[in-house]
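Colleague: I would like a close look at one part of this model, with the rest brought in afterwards for context. Please take the sequence and structure below as the starting point.

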Amino acid sequence: MSNVNLSDRIPNNVDLANDRTLQRALEHWQPHFLSWWDEMGPHDFAERDVYLRTAVGVDAQGWASYGYVRMPEYRWGIFLADQVPDRRIGFGDMLGQPVWQQVPGEFRTQFRRLIVTQGDTEPASVEQQHLLGHTCPSLYDLRNLFQVNVEEGRHLWAMVYLLHAYFGRDGREEAEELLARHSGDIDKPRILGTFNEPISDWLSFFCFTYFTDRDGKYQLKSLAESSFDPLARTCRFMLTEEAHHMFVGETGISRVIRRTLEVMKELGTDDPVAIRRAGAIDLPLLQRYLNFWFSSSLDLFGSEISSNAATSFANGIKGRPDEAHYTDHIAIDQGFELEVPDGDVGIRVEQVPMRNAMNEVARLAYAKDCEMGLKRWNMMIGRAGHDFVLTLPAVRFRRAIGSWADVPTAPDGRRIGATDYAQGIGGWLPSTADRAHVQSLMQRVIEPGKMAGWVAPPDRGINNMSVAYEYVRL
Ligand code: BYC
Ligand code: FE
Ligand code: FE
């Protein structure tokens, strides 16, 4: 079951060869995917050999194989984590009943919407990163970008498989639409806000993989609890790939900080102007990038009070991340204390039925996870003898979705007047000058082992190879 035949036209562990109709439908979609990749995927590197890992099975030991691959020849396939025998519904009104191998008709619309929303983010991120290869700070980083890109492409395959296999004609139509919407397109944008933001520099890429891929982790954890077993199994396997994406973000930001600290030491100053002149990224600039990407990613969890979330939980469609960590999986007579805006400047606590607050429960678990990197980064800064502290803004800062949408708050969560907000926001988010500085650093470095001047080398290479390995043959 676990092993996958990579010579199949569509590698899979779902016995595709024995479902000719489904196989034909996916083989019909495959060339559409490939021409989308050709047009919207990494610009200009189609002919290059890239040292990539490819999924070859789904067991913990040997799921990945490493080797040189040209990206258009990457073996995108369909991999579901192994079925858990006698798996039972883990939450909601049907707790304890057997999970579903088919989508119950009454929940079809909700499932389709969730799968389409999830599926939409995957190709969106590839589109956002379309041009980054041209300005890579090293071959090591270039390879990591492409690894993330091919795996997001595979995540699209994961959702398209579900749409084709379980949603008939509308599923096939949705699969086409996943290739027709485009990030930032005025007429046909991607569904969720963050996935229409440009990622035109590598600092944004590191922030995106730290914050936005981590939203992916939490959403996938929620969907991995689903009673619709094929969805749960797909998401469980996707989570194993997601870990590397967040690694790229966390180590990327760490390396930026390490380099900045070196420059601060060499110059004997923390003056941003001097640091910029020396070709590095000052910590206040980094803070503004963190503010931007964290607040944008928080919106991806939806509204604090959501009847959609309550219905999904009640019906066993979408659980909480790490549902097993809770004791009460029905959550029918629990409440959640939510801080909401009150009048012009106040805040009051509102009692919300727990099920309606499930988006917020997931968001808070996510925010806590985001703190871990900041702790590590602040330790580095402290150890270098500086008292600068990076912080995450409050979860209600700069929100565009939910109870705090368009409510002016300072990064520390204080409510402020609209004028103060308008005056402050320029200093809380990356300014035009910040972006121009970062952009000016984006000079491509492609000599094996060499790094751009704004980022320190990684501690180690990929798959036990040295940092100086030729990760992409140009
Ligand atoms: N932008 O009751 P509400 C990843 C919509 S990232 C625009 O508040 P609900 C990845 C919402 O659709 C993980 N619209 O929320 C990372 C709804 O619209 P309708 C992606 C938004 O229903 C990096 C309305 O507002 N996975 O994998 O609980 C690289 C009110 O809905 C936004 C998922 O999102 C927004 N930010 O939905 C690559 C999981 N937020 O129906 C990949 C699947 C909400 O009224 N999706 N809306 O027209 C879901 O679970 C849910 O759709 C949401 C929240 C989490 C988005
Ligand atoms: Fe993904
Ligand atoms: Fe990801």
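Which residue is the bridge partner of Asp342 in strand 4?

Modeller: This is a predicted model, and everything that follows should be read with that in mind. The bridge partner of Asp342 in strand 4 is Gly346. That pair belongs to the hairpin of strand 3 and strand 4, in which three residues lie between the strands. Strand 3 covers residues 335–342 and is joined to strand 4 by eight bridges, with the two strands running antiparallel. Within the hairpin, Gly343 takes a positive phi near 60°. As for its surroundings, strand 4 spans residues 346–353, and of its eight residues the number buried is zero, so strand 4 lies largely in the open.

A positive phi also occurs at residues that are not glycine, and two of them deserve the same attention. Most residues other than glycine have a negative phi. Asp15, however, has a phi near 60°, and its place is in the segment before helix 1, which covers 20–40. Asp15 has 10 other C-beta atoms within 10 Å and is therefore exposed. Asp406 likewise has a positive phi of about 60° without being a glycine, and it is found in the loop between helix 10 (358–383) and helix 11 (418–428). With 11 C-beta neighbours inside 10 Å, Asp406 also counts as exposed.

Apart from the hairpin, there is an open sheet of three strands, arranged in the order 2-1-5 with antiparallel pairing. Its edge strands are strand 2 (64–70) and strand 5 (472–473), each of which pairs on one side only. Strand 1, residues 49–55, is linked to strand 5 over two bridges in the antiparallel sense, and in strand 5 the bridge partner of Val50 is Val472. Helix 3, residues 139–166, lies across strand 1 and strand 5 and runs at about 40° to strand 1.

Helix 3 also packs against helix 4 (residues 168–180), at an angle of about 155° and with the axes 7 Å apart. The two helices are therefore roughly antiparallel to each other. On the helix 3 side, Leu156, Val160, Leu163, His164 and Tyr166 meet Gly171, Arg172, Glu174, Ala175 and Leu178 of helix 4. By class, this contact is made up of six nonpolar, two polar and two charged residues.

Turning to the ligand, there are 25 residues around ligand 1, and Gly216, Gly302, Ser303, Ser306 and Asn308 come nearest. The elements that give two or more residues to this shell are helix 2 (108–128), helix 5 (202–224) and helix 9 (307–314). Helix 2 supplies the largest share, six residues. The shell around ligand 1 divides into 13 polar, six nonpolar and six charged residues.

Finally, Leu80 offers a contrast with the exposed aspartates. Leu80 lies in the loop between strand 2 and helix 2, and with 23 C-beta neighbours inside 10 Å it counts as buried. Leaving aside residues up to four places away in sequence, Leu80 touches Asn13, Val14, Val58, Pro230, Arg233, Thr234 and Phe237. The C-alpha atoms of Leu80 and Glu242, which are 162 residues apart along the chain, are separated by 15 Å.

Terms used
Residues are numbered from 1 along each chain as its sequence is written. Chains are lettered from A and ligands numbered from 1 in the order in which they are written. This is a predicted model: local features need pLDDT of at least 70, side-chain atom pairs count only at pLDDT 80 or more; totals for chains, interfaces and linings use all residues. Two strands pair if DSSP finds at least two bridges between them. Helices (H or I, at least four residues) and strands (E, at least two) are DSSP runs, numbered from the N terminus. Two residues are in contact if their C-beta atoms, placed from the backbone, lie within 7 Å. Axes are lines fitted to C-alpha atoms, for helices over the stretch in contact, and angles run from 0 to 180 degrees between N-to-C directions. Angles under 35 degrees count as roughly parallel, over 145 as roughly antiparallel, 65 to 115 as roughly perpendicular and the rest as oblique. Ala, Val, Leu, Ile, Met, Phe, Trp, Tyr, Cys and Pro count as nonpolar, Asp, Glu, Lys and Arg as charged, and the others, Gly among them, as polar. A residue is near a molecule or strand if its C-beta atom, placed from the backbone, lies within 6 Å of it. A residue is buried if 20 or more other C-beta atoms lie within 10 Å of its own, exposed if 12 or fewer, and partly exposed in between; C-beta atoms are placed from the backbone.
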